[in-house]
Amino acid sequence: MFYVLLFVMLIVIQWIACLCITESCMSRLKVKNLSTYESIKKIHRKRYCVIVCAEIILFTGLRALNVGADNSTYLAALTYYKELPHNRIITAKLVYPFDFEAGYFLLTKLCAYLRFSQTGFLFVIAVLTYIPLFAFINKYSLNPLISILTYFAFGFFTYSIGLFRQMIAISICLSAIPLIKEKKWFKYCLVCVVASLFHLTSLIMVPFYWLARFDVKKHKRLFLLLVVAAEAICFVFARSIIIAILRFIPSYAGYIGGKYDVQGGSYLGLIYLNLLLFLGVFLVAPRVERSEVFPVVAIAVACIIQSCAYSMGIMGRLVNFYSVYGIILFPLIAEKFAKEKMITNAGVIIALLGLAVLTTSSDAVILGYKFIWS
């Protein structure tokens, strides 16, 4: 836990340094033109994201091999295929208990074929997880620091060091967002299919291409009414619907009546998502371009899926595909609060730091965080 908190503090200090360097550059150059100001600011934001991305790859790549919820299974698979005759690795079949999708299975075998060490494999996973994530933050976040702290505070970082397949899939889906704005539905769906080769549940992102086009700015109350009604229906009928769907997906049908056939997530999570939704609809949607309202729609879908999760725990995993867009919505809400002088960005950062401490202090994975040489 100490190392994680130290790393988070380093991220904050670097952002403060980034702001100071930006202001120093503008003062030295005597910049008065707004477009030049934004250009300089954009350059330093990008450098900050690149630096922190590189640091988090190093930080997670060099962690101890037992730090991560599902590490033992993933690293055992790497070891198993490395021990096969070299000319049989690529053509080897999937064996129990390694229940992997084709893309992740091929990645594992490729790393085994190239004789990657277990730490080297963790670096590969980190690269695939964090580079698309930070590219997304750099492109869409109003405040990268708040986005990164949100990622830590709401448990996504913990997921990323243990749930390899799903977090890689989520990052792949994030990289497809520009395709929505460019109205390239086929390419968007193709990216989701590629993501599903790492985690089949990625296919839940396919409808987002059309959902993200809903005009929340124009139909705020109708949008909220539809979401709340969908949540209510899911509380009552979700289990019957989910069981009917899972019967057509053999790889997940075993969840029915199994150890994962339990409640997914807490009511606190649903309250958080709904609060984020309402703030997004009334504070963010009216003041951004229609094409930039996609984080609000994503959180709305997360609310509905979370409502389903109380009928079956597997749905709790699906929430992450949509709730991750909170890392973009949170800075927009914070900026609105700052403009209304309700709370400063510094206040939001302090609050997120506090939440990050609470989150990490109660997580067994983070509590045992250590490096490979420890």
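**Buried charges and a nonpolar core**

Arg165 is buried, at a relative accessible area of 13%. That is a handy place to start with this predicted model, since Arg165 also takes part in a salt bridge. Its partner is Glu101, and the closest N and O atoms of the two sit 2.9 Å apart. The pair ties together distant parts of the chain: Glu101 lies in the loop between α3 (71-82) and α4 (102-113), while Arg165 belongs to helix α8 (residues 164-174), and 64 residues separate them. Glu101 comes out at 12% relative accessibility, so with the cut-off for buried at under 20% it counts as buried too.

The total number of salt bridges is two. The other one joins Lys184 to Glu182, with 3.4 Å between the closest N and O atoms. Here the surroundings look rather more open: Lys184 is partly exposed at 35% relative accessibility, and Glu182 is partly exposed as well, at 44%. In general, side chains of opposite charge can pair when their charged atoms come close.

Now for the greasy part. The largest nonpolar core takes in 119 residues, and the ones with the most contacts inside it are Tyr130, Phe157, Tyr188, Phe208, Leu277 and Tyr325. Helix α5 (residues 118-140) supplies the largest share of this core, with eleven residues. As a rule, nonpolar side chains in soluble globular proteins tend to be buried together.

Leu277 makes a good vantage point on the core. Leaving aside neighbours within four places in sequence, Leu277 is in contact with Phe223, Leu224, Val227, Val296, Ile299, Ala300 and Cys303. One of these, Val296, is found in helix α15 (residues 294-309) and is buried, at just 1% relative accessible area. Once residues up to four places away are set aside, Val296 touches Val216, Phe223, Leu277, Gly280, Val281 and Leu329. Phe223 therefore turns up in both contact lists, given that contact means heavy atoms within 4.5 Å. As for backbone spacing, the C-alpha atoms of Val296 and Phe278 are 8.8 Å apart, with the two residues 18 positions from each other along the chain.

A polar residue also hides in this part of the chain. Asn274 sits in helix α14 (residues 267-284) and is buried, with a relative accessible area of 16%. The side chain of Asn274 makes a polar contact of 3.0 Å with that of Glu231. Beyond residues up to four places away in sequence, Asn274 touches Glu231 and Cys303, and Cys303 is also among the contacts of Leu277.

Methods:
Residues are numbered from 1 along each chain as its sequence is written. This is a predicted model: local features need pLDDT of at least 70, side-chain atom pairs count only at pLDDT 80 or more; totals for chains, interfaces and linings use all residues. Side-chain values use heavy atoms; hydrogens and water are left out. A nonpolar core is a set of buried Ala, Val, Leu, Ile, Met, Phe, Trp, Tyr and Cys residues joined through side-chain atoms within 4.5 Å. Buried means under 20% relative accessible area, exposed over 50%, partly exposed in between (1.4 Å probe, protein chains only). Helices (H or I, at least four residues) and strands (E, at least two) are DSSP runs, numbered from the N terminus. A salt bridge is a side-chain nitrogen of Lys or Arg within 4 Å of a carboxyl oxygen of Asp or Glu. A polar contact is a pair of N or O atoms within 3.5 Å; within protein, one must be able to donate a hydrogen and the other to accept it, and residues adjacent in sequence count only if both atoms are side-chain atoms.
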